Amino acid sequence: MRETPLDVGPVAEGYARLREQVGSVVVGQERVLRQLFVTLLCSSHSLVEGVPGVAKTLLVRTLAAAIGVRFGRVQFTPDLMPSDVIGTTILDAGAVRFRPGPLFTDLLLADEINRASAKTQAALLEAMQEGAATVDGVRHELGPWFCVFATQNPVEHEGTYPLPEAELDRFLFKVVVDYPGEVEELEILTRYHGLEREPLPDEPVLDPGTLAQLRDLASRVIVRPELMTYVSALVRATRADADYALGASPRAGVMLLRAAKAHAALEGRDYVLPEDVQEMCRPALRHRVKLDPAAEVDGLTPDAAVERTLRGVTVPR
């Protein structure tokens, strides 16, 4: 235990400024924004799922503008090739050089990632895990702010390719974007009925250097041994439950613990509580578990299964 408390106030203050800036463009979706901010604090990536028209793309573009990092977007289609994402080597004035693709940015929006073939989806694996891409045997490093937010449509399956389990496991969260509430939807109509397109923030409220400091603070949050035992018990419980055909991996436990630390810092604490783990459990595990077909036929969903797992594991005091 630290003798001097860690001042994590800048994390909550930074998020408050970000929420205000993003809120000037995107109405509502605070839960989603909170999970995306935790993703950035953890130097990780997230899968963003929602039907068309719920501001997935707008939210990510606005987030990049509010932080002041480079933004890149790739529209995934069935004919997209890995070189279209990563880049390729070209002959230029008699010399061979690498021409980088849209992957080489800070915040990459992989739009409708499940529309690309497995080969192209796999092109992101090395980048997401290693922070680099290899072309013709040469490794090209990505920047320290590299982050992937990949979107997918949960209701349209024609012409799509399921993401492999290995790729899903690289995403910190699967963030579900729901329809706005009645009041929020009315505000959207009021705000945008006279505009041709949504505006973006004029100036960032954070910068990469500040984000680096916030990441450092989140990484130094205290986790007591009983909380580590709690996280381990949760992920192991998914492997012992017959309703799961595939339980959560050890990486899932690591990701859940990192997310809980970031969430604690966001709440102004330098230590993790069980509530932090519980809050991050569904987005961190819903895409990493696979339900037994019989349980799915009975109407069980990944969120409901994870919720039941949470209720079945003793909470530390």
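# Exercises: salt bridges and cysteines

At 11% relative accessibility, Arg286 counts as buried. The model is predicted, and the exercises below work through its charged pairs and cysteines.

**Exercise 1. Find the acidic partner of Arg286, and classify that partner as buried, partly exposed or exposed.**

Step 1. Arg286 meets Asp303 in a salt bridge, with 2.7 Å from N to O.
Step 2. Place the two residues. Arg286 sits in the loop between α11 and β11, while Asp303 belongs to helix α13 (residues 302-312). The pair links distant parts of the chain, 17 residues apart.
Step 3. Apply the cut-offs. Arg286 has 11% relative accessibility and is buried, because buried means under 20%. Asp303 has 29%, so it counts as partly exposed.

**Exercise 2. Locate the salt-bridge partner of Arg288 and state how far apart the two lie in sequence.**

Step 1. The partner is Asp169; the closest N and O atoms are 2.8 Å apart.
Step 2. Arg288 is in the loop between α11 and β11 (290-291). Asp169 is in the loop between α6 (165-168) and β9 (173-176).
Step 3. The separation is 119 residues, and the pair links distant parts of the chain.
Step 4. Check burial. Both Arg288 and Asp169 are buried.

**Exercise 3. Explain which helices the Glu30 and Arg19 pair ties together.**

Step 1. Confirm the contact. Glu30 and Arg19 form a salt bridge, their closest N and O atoms being 3.0 Å apart.
Step 2. Glu30 lies in helix α2 (residues 30-41) and Arg19 in helix α1 (residues 9-23), so the pair ties together parts 11 residues apart in sequence.
Step 3. Assess accessibility. Glu30, at 39%, counts as partly exposed. Arg19, at 36%, also counts as partly exposed.

**Exercise 4. Count the salt bridges and name the members of a network.**

Step 1. The count comes to 19 salt bridges.
Step 2. Glu126, Arg139 and Glu141 are linked in a network of salt bridges.

**Exercise 5. Decide how many disulfides the structure holds, and test Cys42 and Cys147.**

Step 1. The search of the whole structure finds zero disulfides.
Step 2. For Cys42, the nearest cysteine sulfur is that of Cys147, 10 Å away. A disulfide needs sulfur atoms within 2.5 Å, so Cys42 is in no disulfide.
Step 3. Cys147 is likewise in no disulfide; its nearest cysteine sulfur is that of Cys42.
Step 4. Cys42 counts as buried at 5% relative accessibility. Cys147 counts as buried at 1%.

**Exercise 6. Identify where confidence is lowest and where it is highest.**

Step 1. The chain has a mean pLDDT of 88, and 97% of its residues reach 70 or more.
Step 2. Confidence is lowest in strand β3 (residues 87-92), at a mean of 80. Helix α11 (residues 274-285) has the highest, at 96.

Note on methods
Residues numbered from 1 in each chain as written. Predicted model: local features only at pLDDT ≥ 70, side-chain atom pairs only at ≥ 80, totals over all residues. Heavy atoms only, no water. pLDDT = per-residue confidence, 0-100. Helix = DSSP H or I, 4+ residues; strand = E, 2+ residues; numbered from the N terminus. Salt bridge = Lys/Arg side-chain N within 4 Å of Asp/Glu carboxyl O. Buried < 20%, exposed > 50% of the residue type's maximum accessible area, 1.4 Å probe, protein only.
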